[in-house]
Amino acid sequence: MQMEKRAIPDDLFYDSNDFWIKVAKEAVIGLTDYGQSNIGDIIYLEFVPAGTVVRQGGRCGSIESGKWVGSLLAPVSGVIVETNREAEADPHQVNADPFGRGWLYRMETANRNEIALLMDSGAYKTWIEERIRLKEKDDVTL
Amino acid sequence: MDLYHLGPVGWIESQSIYHALALLGLEGLVICYPTTPYICLGLHDDLDYEIDQSYCREHGIPLLRRETGGGVVYLDDRQLFFQLVLRRDNPLLPLRRHRFYEKFLQPAISVYRNLGIAAELRAPADITAGGKKYSGNGSGEIGRCAAYVGNILLDFDFVTMSRALKVPDETYRRHLYRIMRANIITLADCLEYPVEYSTLAANLIAGFEGQLGDLSPRDPDAELLETARRVGERLTSREWLNLPGRRPAGRKVKIAEGLYLLAQQTAEQGYNTVLVRDGIAAEITAGNDAMEPALPVRA
């Protein structure tokens, strides 16, 4: 059994769909290290256009890996102001550097109260551990 | 779980029923085959990059874009489809995507093994034996569900598949046909006797029952059929088909996991046909190479 350690930076907030959000003047959103490891090698990313208004949990793009496609879901409501064109051109950046070059998009948030309902790093770690305990006693350590 | 053993269905229904199940949040296993041929694009395929639309129009081959992953496939009545829809909160679903296939392709692998074929999974989603691809598969999130779709090739029309894809020229097309023929294999190729659809379907259902528990046969109800009708209209609409998708630089066709045929530009404004196997150029041929035999004429 291969044991892998996954990063969970302390200065970010997290949602239950494995997206992180860095709160600043404009929020930056990405896929967590644990999230990208579950998805596997990412081969395609597609975003809604900048300027699109999305609700919390709403679809703001799609992602494909190994013949699986899923949705990019917004952790909070707001307006997409920029998408990561470099990650779109080279989606493997999301696997290689999910908290750095592999960020997904920037957003002007609409409701700061939603951020308060997200998980901090400790809560996200606990949530992942519980999910693993329930579904798979496998190869991830945190 | 519900079993929709539908047998022959219209080409749109062969995709729209499982989409409708997923959109309604209903779990189920669909076993079917389309009565007429069509081309099916993956969610992120680019129609203009992938398909020779003139050829498809002239030969009456309709197009549909599914909401699951993977690439362009030619589908017809010599392929048995299995389509599993599970709610995303179903505890049977592994967290890691590659484990979906390890788990849910086991019934299909068992079907091949029962026929004496040493089938195995080539990650993430091909079923292979002896280095050749027997089956390609895809999956995706649709609504609140996840759908896993695959097929068993009783036979395959390599000629039409080669002709329906948009390629740089006829030399590339002949290479494409040859490479597909050498690396994809069907039951008709490897068995000395014909296998009945009903036998394959029964074995497949038995395999899924081993994983999912008892399956309850049922027919689509009015709500499912109406949802499928509306989904089918969307999946075949011009607007949906024309959605932009991936367009690699130069023509690139995926034949099987780890196997690609590329048209690589040269300094002389021409191109080389490059067969890439597991990241290594296994075969390079000048684009104007006339040594390849012509494509066989479709019977």
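# Reading burial, pairing and contact in a two-chain model

Me: How many C-beta neighbours does Asp18(A) have inside 10 Å, and does Asp18(A) count as buried or exposed?

Reply: Count, then compare with a cut-off. A residue is buried if 20 or more other C-beta atoms lie within 10 Å of its own, and exposed if 12 or fewer do. Asp18(A) has 24 such neighbours, so Asp18(A) counts as buried. Keep in mind that this is a predicted model.

Me: Where does Asp18(A) lie? And what is the sign of its phi?

Reply: Asp18(A) is in the loop of chain A that links strand E2 (13-14) to strand E3 (19-22). Its phi is positive, about 70°, although Asp18(A) is not a glycine.

Me: Now take Asp278(B). Is Asp278(B) buried or exposed?

Reply: Run the count again. Asp278(B) has 9 other C-beta atoms within 10 Å, so Asp278(B) is exposed. Its phi is positive too, near 55°, in a residue other than glycine. The loop between E14 and E15 of chain B holds Asp278(B).

Me: Which sheet do E14 and E15 of chain B belong to?

Reply: Read a sheet by strand order first. Here 4 strands of chain B make an open sheet in the order E12-E13-E14-E15, with antiparallel pairing. Then look for the edges. Strand E12 (252-256) and strand E15 (280-286) of chain B pair on one side only, and these are the edge strands. Last comes the turn between neighbours. It is 20° on average, direction ignored.

Me: How many bridges join strand E13 of chain B to strand E14 of chain B?

Reply: Chain B strands E13 (residues 259-265) and E14 (residues 271-277) run antiparallel and are joined by 7 bridges. To fix the register, pick a pair. Opposite Gln265(B) stands Tyr271(B) in E14(B).

Me: How many residues of strand E10 of chain B are buried?

Reply: Test a strand residue by residue. E10(B) covers residues 145-153, and 8 of its 9 residues are buried. Next, find the partners. Strand E6 (residues 79-87) of chain B runs antiparallel to E10(B), with 9 bridges between them. In that pair, Leu84(B) has Tyr148(B) as its bridge partner. E9(B) also pairs with E10(B), again antiparallel, over 6 bridges. There, Asn137(B) is matched with Gly150(B).

Me: How many residues lie between E9(B) and E10(B) in their hairpin?

Reply: Check the turn as well as the strands. The hairpin has 2 residues between E9(B) and E10(B). In that turn, Gly143(B) has a positive phi of about 60°.

Me: Which residues of the largest nonpolar core touch the most other members?

Reply: Look for the best-connected members. The largest nonpolar core has 81 residues, and the ones touching the most others are Ile39(B), Val85(B), Ala108(B) and Ala147(B). Take Ala147(B) as a case. Leaving aside neighbours within four places in sequence, its contacts include Tyr18(B), Ala22(B), Val85(B) and Ile142(B). Apart from that core lies another, of 33 residues, among them Ile29(A), Val76(A), Leu104(A) and Leu118(A).

Me: How many residues does each chain bring to the contact between A and B?

Reply: Count both sides. Chain B brings 19 residues and chain A brings 17 residues. On chain B, helix H4 (97-104) and strand E9 (132-142) each supply at least two residues of the side that touches chain A. E9(B) gives the most, with 5 residues. Then sort by type. That side of chain B has 6 nonpolar, 9 polar and 4 charged residues.

Me: How many bridges cross from strand E8 of chain A to E9(B)?

Reply: Strand pairing can run across chains. Strand E8 (residues 68-73) of chain A and E9(B) run parallel and share 2 bridges. Val69(A) has Gly140(B) as its bridge partner in E9(B).

Me: How do I read the overall form of chain A? What is its radius of gyration?

Reply: Start with the elements. Chain A has 5 helices and 11 strands. Its radius of gyration is 14 Å, close to the 14 Å that the globule rule gives for 142 residues, so chain A is as compact as a globular protein of that length. Its C-alpha atoms fill a box of roughly 45 × 35 × 20 Å along the principal axes. Then burial: 42% of the 142 residues count as buried. Finish with contact range. Among contacts in chain A with a separation of 6 or more, 59% join residues 24 or more positions apart.

Me: One last feature. Which peptide bond in chain B is cis?

Reply: Read omega. The bond joining Ala123(B) and Pro124(B) is cis, with omega about 0°. Pro124(B) sits in the loop between strand E7 (120-122) and strand E8 (126-129) of chain B.

Technical notes. Residues numbered from 1 in each chain as written. Chains lettered and ligands numbered in written order. Predicted model: local features only at pLDDT ≥ 70, side-chain atom pairs only at ≥ 80, totals over all residues. Contact = placed C-beta atoms within 7 Å. Nonpolar A, V, L, I, M, F, W, Y, C, P; charged D, E, K, R; others polar. Pairing = 2+ DSSP bridges. Axes fitted to C-alpha atoms, helices over the stretch in contact; angles between N-to-C directions. Rg over C-alpha atoms; globule rule 2.2 N^0.38 Å. Core = buried A, V, L, I, M, F, W, Y, C linked by C-beta atoms within 7 Å.
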